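Work through the exercises below with the structure open beside you, and try each task before you read its solution.

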Amino acid sequence: MENHLTGDARYLKRRVKGCTLDVHPTEKALVVQYEVEATILGELGDAVVGERKECQKIIRVKSLNAHTDTTSLARKVVDECRLIHPSKLSEVEQLLFYLQKRKQTNDNQEKKHLTPRDFTAYAGVELDEVASINSIDEYVELLYEDVQEKIRGATLIFQLARNSDNLEELIQNETAIGALARVLREDWKQSVDLATTITYIFFCFSSFSQFHGLVTHFKIGALCMNIIEHELKRYDLWQDELQKKKKAYEDFPESQTLKKEHEKSFRKYQSLLIKQEQLLRVALCLLLNLAEDTRTELKMRNKNIVHMLVKILDREDQELLLVVVSFLKKLSIFLENKNDMAETSAVAKLARLVPCSHEELLTTSLRLLLNLSFDTTLRGHMVQAGLIPKLSSLLADEGQRQSSMCILYHISMDDRFKSMFADTDCIPQLMRMLFDCGERLDVELISLCINLAANKSNAQLVCEGNGLKMLMKRAVKMKDVLVMKMIRNLSQHSGQTKSLFLDYVGDLAAQISEEEAEEFVIECLGTLANLTIPDLDWALVLTEYNLVPYLKDRLKPGVAEDDLILEVVIMIGTVSMDDSCAAMLAKSGIIPALIELLNVKQEDDEFVCQIVYVFYQMVFHKATRDVIVKDTPAPAYLIDLMHDNNAEIRKVCNNTLDIIAEYDEEWGKRIQKEKFRWYNGQWLEMVENRQMDEAAEPFMYGDDAESFIGNGDILERPDLFYNADGIMSADGAISPEFYNDLSSVAEHFVPTDRPVSAYGFRPDEQFFLNFNNSSR
């Protein structure tokens with residue numbers, strides 16, 4: 001390119017050098033980096049002045065999608081862009097192919113509405129003239145005129161700022177930037193149009209991190225906070241004024257004057273509201289961009305940004321709401337901000353946006369709710385706001401399914417909320433999704449199903465029709481541990497649901513073998529252990545599937561993982577409810593194995609509790625009671641555990657020892673003695689350790705300073721026991737009549753349906769009347 005010049009320098013020669021290509025980091029565009037070399041030639045053709053400048057051109061390919069022919073598109077780009085040499089055709093094609101395959105992140109999609117080019121000039125400041133970068137000084141001069149001229153000058157500069165290619169040149173003009181900042185600071189209250197336009201200009205700069213220093217230098221962020229706070233106060237005043245006019249009209253509906261005043265005020269309010277929300281939107285977008293720096297974000301938080309944002313959630317403008325919710329989502333990852341949102345009832349205001357017609361607003365709202373759902377208190381707010389049925393209805397929307405399911409999963413973790421799912425269409429939808437899945441299930445889907453299956457009402461809905469049959473079929477076929485975990489939760493509910501499992505006992509028992517994966521076997525064992533069904537013949541199951549050797553071998557410490565061993569112990573406790581099974585297990589030598597395991601796992605409360613529960617089941621049956629009491633040291637272990645720190649262990653031990661004491665006189669005395677020693681331990685210690693002080697308490701000692709209790713063991717004195725007529729004789733033996741009376745009373749307390757495990761006792765359930773406790 002050549003330009004004719006006057007004087008000695010006659011020609012200006014420009015040449016493009018060093019063209020390189022790359023992809024745009026966020027947009028579907030190619031970035032062309034090149035260098036322009038400008039040389040001024042003299043009359044004789046010699047170089048007089050030379051200058052080099054690095055330039056950049058962005059080639060946007062918005063039409064690029066998954067079906068685009070990148071070869072043809074690359075050829076078109078090279079043909080139309082003269083900066084790219086034809087030899088780079090293959091490189092262009094490779095870059096386009098990369099852009100075609102690159103996934104757009106959710107964050108980029110959320111910022112779709114926050115880029116400068118998406119903001120168009122709004123009504124009231126549209127101009128017929130087109131701005132030119134060469135006339136920037138003229139536009140700056142307009143900023144020193146009256147308000148209308150300031151608006152015109154700012155609008156022309158805004159036209160330039162909307163093109164990101166002009167930002168570098170604008171930032172070099174310190175006079176222009178300084179004048180804009182000054183006018184905004186001094187005159188923003190005089191005109192909403194002026195404030196909005198100048199804020200738009202600084203927003204364009206804030207869209208690029210390298211210009212944040214400029215925006216911060218002029219304290220535009222703090223100014224935007226003041227603007228937002230002021231506008232929110234103005235909005236409250238408008239609302240109050242409008243309510244007064246409305247009330248006056250309602251009090252006198254026949255007055256046409258009041259009616260016209262109200263209608264006029266309402267039209268004015270709507271006009272003002274549109275402009276105000278435009279200003280709020282751009283101011284918040286600017287602050288959102290600056291919040292990229294956490295230190296700046298902290299300053300905003302200290303100026304109450306969260307409360308301002310939550311207050312704006314009451315508005316109806318969806319584009320403004322999108323910015324507000326996006327901002328809140330960014331802030332919600334910090335604990336302090338999350339607490340502020342809890343205080344301002346943000347969840348209740350967000351609930352009205354679910355669902356809404358604006359897809360992007362709905363998506364962002366769900367992602368914000370998902371962030372907040374990690375807090376237990378806020379999950380309660382979500383339930384109170386009626387989000388469970390709303391989120392359940394969104395499961396049918398593939399675009400919102402993932403976020404909705406994750407929020408529902410968090411809510412389902414609280415037992416108090418599980419039953420509320422039964423009143424929605426959530427469970428039928430989840431079951432359809434579960435059966436429509438291929439070989440691989442979504443973790444979120446099955447996790448939610450597992451949680452919901454822990455509730456009885458939900459379990460009944462899951463098992464309706466062929467629900468349980470389909471789940472069992474999938475679990476056994478796929479060896480799916482998570483589906484089996486869901487089935488295990490279903491099996492714990494008494495009544496009709498548990499009875500449905502009678503048809504699948506054989507299928508479950510067949511999975512218990514060394515060939516199957518340990519995790520899968522654990523869930524199958526857990527499911528079988530839950531099946532406390534009177535009609536189930538456990539002896540037949542154990543025999544047909546040869547489970548006794550497997551159960552006994554797994555009781556050895558170190559043979560298997562603790563989780564599997566524990567499930568084996570629980571399984572033994574369940575099958576021991578049957579007389580014939582208890583006898584079969586006792587003969588197999590399982591009891592000594594359990595005692596050995598108890599020695600090894602004595603520090604693990606869960607193991608101890610479940611093993612003691614097995615002993616309780618064994619002593620309950622006459623066929624195995626003698627084996628436990630006479631042939632094993634189990635009673636001695638139970639006495640040691642009688643005063644364990646764990647309340648559940650103490651409960652099971654006491655009930656087991658009561659049965660032993662009732663049927664074995666020798667152990668009854670020992671148990672009574674140990675209980676007496678424990679309950680009176682402090683008093684006994686005081687008596688045994690007290691120094692003889694004849695002067696202080698002469699009545700306790702004889703003339704020879706011998707204690708009245710003599711030199712014998714204090715526990716051997718029968719008169720110290722809790723005696724009563726008909727219960728204990730003078731020699732300390734319990735009379736047979738007491739057992740007869742006790743048996744008649746105990747019949748009213750023996751449960752007909754004993755618990756599944758030691759953790760399954762009902763609070764209102766007693767096994768036997770504790771005669772020692774009752775006599776105290």
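**Exercise 1.** In this predicted model, find the acidic residue with which Arg315 forms a salt bridge, and state where each partner lies.

*Solution.* Begin with the pair itself: Arg315 forms a salt bridge with Glu277, and their closest N and O atoms are 3.4 Å apart. Next, place the partners along the chain, where Arg315 sits in the loop between helix H13 and helix H14, while Glu277 belongs to helix H11, so that the pair links distant parts of the chain, 38 residues apart. Finally, check the surroundings: both Arg315 and Glu277 are buried.

**Exercise 2.** Decide whether Arg295 and Asp293 are buried, partly exposed or exposed.

*Solution.* The two residues form a salt bridge, with the closest N and O atoms 3.3 Å apart. Exposed means over 50% relative accessible area, and because Arg295 reaches 62%, Arg295 counts as exposed. Asp293 has a relative accessible area of 28%, and therefore Asp293 is partly exposed.

**Exercise 3.** Test whether the length of helix H25 agrees with its number of residues, and then describe its faces.

*Solution.* Helix H25 has 12 residues, which at 1.5 Å a residue should span 16 Å, and the end C-alpha atoms are 17 Å apart, which agrees. The buried residues of H25 are Gly467, Leu468, Leu471, Met472, Arg474 and Ala475. Seen down the helix axis, these buried residues fall within an arc of 165°, so they line one face of H25. The face turned away from the buried side carries the exposed residues Lys473 and Lys477.

Technical notes:
Residues are numbered from 1 along each chain as its sequence is written. This is a predicted model: local features need pLDDT of at least 70, side-chain atom pairs count only at pLDDT 80 or more; totals for chains, interfaces and linings use all residues. Side-chain values use heavy atoms; hydrogens and water are left out. Helices (H or I, at least four residues) and strands (E, at least two) are DSSP runs, numbered from the N terminus. The expected span of a helix is 1.5 Å times one less than its number of residues. Buried means under 20% relative accessible area, exposed over 50%, partly exposed in between (1.4 Å probe, protein chains only). The arc is that of the directions from the helix axis to the C-beta atoms. A salt bridge is a side-chain nitrogen of Lys or Arg within 4 Å of a carboxyl oxygen of Asp or Glu.
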